[in-house]
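Work through these exercises on charged side-chain pairs. Try each task before reading its solution.

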Amino acid sequence: MAHGFLIDMDGVMYRGNQPIPGAIEFVRRLMDDQIPFLFLTNNSQRTKRDVVAKMHRMGIPIQEKHVFTSAIATAQYLASQTPRGTAFVIGEGGLLNALHEYDYSIVDNDPDYVVVGEGRTMTLELIEKAVKLIGRGAKLIATNMDPSCPTEGGLRPGCGAIVSMLEAATGKKAFSLGKPSPVMFRAARKELGLRTAETIMIGDTMETDILGATQMGYYSVLVLSGGTQKEELGRYSYRPDLIVSSVADLLDSDALNKFFRQNGIKPGATAGSPKVESEVHT
């Protein structure tokens with residue numbers, strides 16, 4: 001196996017309920033060429049099945065094995081730390097389902113963890129309850145620290161905003177498992193059976209997708225079809241390995257093969273080629 005992709009969703013594959021031009025063809029190319037890939041999302045609301053249904057409605061042909069959410073990363077990590085533990089949850093179906101799949105029980109009293117994810121069902125009563133439980137010794141866990149979430153109607157508060165309230169009220173810092181956490185990036189890579197030098201992250205956000213890939217030593221491809229504009233790149237002390245307008249540009253096999261050659265990646269060759277830093281190309 002020579003390489004594989006970790007791919008962000010919103011802003012990379014679609015905007016709202018519309019696929020970004022080239023997204024459908026790119027996924028089909030990966031499948032036809034039997035290149036391993038996994039969609040990474042910090043949205044913990046949806047289950048794998050929900051994500052697949054959304055993608056199918058847009059004509060993007062994926063299966064549940066192609067989805068890895070911050071809820072799954074969180075559940076996997078907690079199960080490794082405290083097997084068959086307990087959690088008080090502020091979140092929705094995707095997070096609850098992931099915790100149950102990893103033998104976690106959802107409780108209202110004396111939990112091992114208070115786990116916070118995305119959702120629209122948060123109430124002040126839940127926040128007050130969480131504050132009391134953390135004060136009694138429950139550890140605070142966040143599926144991600146994104147302060148806001150884009151919607152078709154504009155931004156809404158994200159998991160990070162809710163977690164910030166709990167941190168301020170309790171004086172305790174949350175441990176976050178979603179992007180750019182190395183926990184999620186490492187778990188996703190292992191899910192595909194890839195080595196570090198074989199892993200390419202495609203994302204539209206510098207603070208999560210590109211930062212996480214940089215910290216892990218993965219190759220990174222920034223698409224300008226989502227949350228980052230090219231003129232903003234100068235403010236960051238790190239950079240992607242490749243910049244493209246959208247995933248449609250990655251359908252150009254000559255351009256992608258040039259990128260592979262410049263970085264010592266040999267499609268179809270033995271895995272494990274060393275990473276070589278390259279210039280950013282547009």
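**Exercise 1.** Find the partner of D8 in a salt bridge and place both residues in the chain.

Solution. Step 1: apply the rule, a side-chain nitrogen of Lys or Arg within 4 Å of a carboxyl oxygen of Asp or Glu. D8 pairs with K179, at 2.8 Å from N to O. Step 2: locate them. D8 sits in the loop between strand 1 (4–7) and strand 2 (14–15). K179 sits in the loop between strand 12 (175–176) and helix 7 (182–192). Helices (H or I, at least four residues) and strands (E, at least two) are DSSP runs, numbered from the N terminus. The two residues are 171 apart, so the pair links distant parts of the chain. Step 3: check burial. Buried means under 20% relative accessible area, exposed over 50%, partly exposed in between (1.4 Å probe, protein chains only). D8 is buried at 9%, and K179 is buried at 4%. Step 4: extend the pair. D209 joins D8 and K179 in a network of salt bridges.

The model is predicted: local features need pLDDT of at least 70, side-chain atom pairs count only at pLDDT 80 or more, and totals for chains, interfaces and linings use all residues. Residues are numbered from 1 along each chain as its sequence is written, and side-chain values use heavy atoms, with hydrogens and water left out.

**Exercise 2.** Describe the setting of the salt bridge between K132 and E128.

Solution. Step 1: the N to O distance is 3.5 Å. Step 2: both residues lie in helix 5 (residues 124–135), four residues apart, about one turn of the helix. Step 3: K132 is partly exposed at 44%, and E128 is partly exposed at 45%.

**Exercise 3.** Are E167 and K173 buried or exposed?

Solution. E167 is buried at 14%. K173 is exposed at 69%. Their side chains form a salt bridge at 4.0 Å, N to O.
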